[in-house]
Amino acid sequence: MTPMRKVITKRMKESQSIAPTYQVSVDVDMTKLLDLRKQTVDLVVEQTGLKPSVTDYISLAVIKALLKHPLVNSSVSADESEFTKYSYVNLGIAVGLDSGLMVPVVKNAEKMSFSELVVESKRVIGATVNGKLKPDEMADSTFTISNLGMFGVDSFTSIINQPNNGILSIAATKQKPVVIDNEIVIRPIMNITFTGDHRVIDGLEGAKFMQTLKGNLENPIGLLL
């Protein structure tokens, strides 16, 4: 066990023992979001020199949803006597390396334009991959996302990154048959799963958060406003 592996082991065991968790899973029709990416990707490249990924657009949708559901964007005190709802979003992004898992943080993401979000996300992820991430760039996350879609995963659940009260698992977008207006059509469908800490976030609030997030992803035009 490497030092990093030992830290991961300790943190995951602590998270599982601390938080009574549950999962809420929904399928998302990605047709409009993928169309939005096609329409805006060149504009972002012109502004930043960087090509936004689908994860960047999903991140924006998550940030907007968290602002509407601050209970999901929260943490519990060590003695469990109180909890804090955050008015800002420090978005953790799980990054898998050969040596283990790290979570760089995009801080004050709610204040960023989409182009700024793309730049900062790629900066902290690049620093993580290159082994240059600073300790304070891994601290103070308020919510975390984990994307394994690039590996073709149908669905999965994640362990909460303490002291967050929630984490979102993002699976692959795949062409699937769905029923729309009583007709079977093929659409790009992505599964997302929310893992919530039941000490603070009841199942109803978790479901409402996922309903908002699904709406953001399926009708994304308002995200860039």
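The following questions and answers concern the sheet and the helices of a predicted model.

Me: In what order do the 6 strands of the open sheet stand?
Reply: The pairing in this sheet is mixed. E1 and strand E7 (105–106) are the edge strands, each pairing on one side only. Read across the sheet, the order is E1-E10-E9-E8-E4-E7.

Me: How many bridges join strand E9 to E10?
Reply: Strand E9 covers residues 166–180, and strand E10 covers residues 183–197. The two strands run antiparallel, with Ile 180 opposite Glu 183 in E10. The number of bridges between E9 and E10 is 13.

Me: Which residue takes a positive phi in the hairpin of E9 and E10?
Reply: This hairpin has 2 residues between the strands. A positive phi near 55° is found there at Asp 181.

Me: What is the bridge partner of Thr 21 in E10?
Reply: Strand E1 (residues 21–29) runs antiparallel to E10, and 9 bridges join the two. Within E10, the partner of Thr 21 is Asp 197.

Me: What is the bridge partner of Gly 92 in E7?
Reply: Strand E4 (residues 91–93) and E7 run antiparallel and are joined by 2 bridges. In E7, Gly 92 is partnered by Val 105.

Me: What angle does the direction of H3 make with that of E8?
Reply: Helix H3 packs on the sheet, where its contacts include E4, E9 and E10. Strand E8 (143–147) is also touched by H3. The angle between the directions of H3 and E8 is about 150°.

Me: Which residue joins its side chain to that of Thr 55 by a polar contact?
Reply: Thr 55 lies in helix H3. Leaving aside residues up to four places away in sequence, Thr 55 touches Ile 145 and Asn 147. The polar contact, at 2.8 Å, is with the side chain of Asn 147.

Me: How are H3 and H4 oriented to each other?
Reply: The axes of helix H3 (residues 54–68) and helix H4 (residues 114–129) come within 10 Å and cross at roughly 115°. The crossing is right-handed. H3 and H4 are therefore roughly perpendicular.

Me: How many nonpolar residues has the contact of H3 with H4?
Reply: Residues of H3 in this contact include Tyr 57, Leu 60 and Ile 63, and those of H4 include Phe 114, Leu 117 and Val 118. By class, the contact has 2 polar and 2 charged residues, and its nonpolar residues number 6.

Me: At what angle to E1 does helix H5 run?
Reply: Helix H5 (residues 203–218) lies across E1, E8, E9 and E10. Relative to E1, the angle of H5 is about 20°.

How values were computed: Residues numbered from 1 in each chain as written. Predicted model: local features only at pLDDT ≥ 70, side-chain atom pairs only at ≥ 80, totals over all residues. Heavy atoms only, no water. Axes fitted to C-alpha atoms, helices over the stretch in contact; angles between N-to-C directions. Helix = DSSP H or I, 4+ residues; strand = E, 2+ residues; numbered from the N terminus. Parallel < 35°, antiparallel > 145°, perpendicular 65-115°, else oblique. Left-handed = near helix turned anticlockwise from the far one by under 90°. Contact = heavy atoms within 4.5 Å. Nonpolar A, V, L, I, M, F, W, Y, C, P; charged D, E, K, R; others polar. Pairing = 2+ DSSP bridges. Polar contact = N/O pair within 3.5 Å; in protein donor to acceptor, adjacent residues only side chain to side chain.
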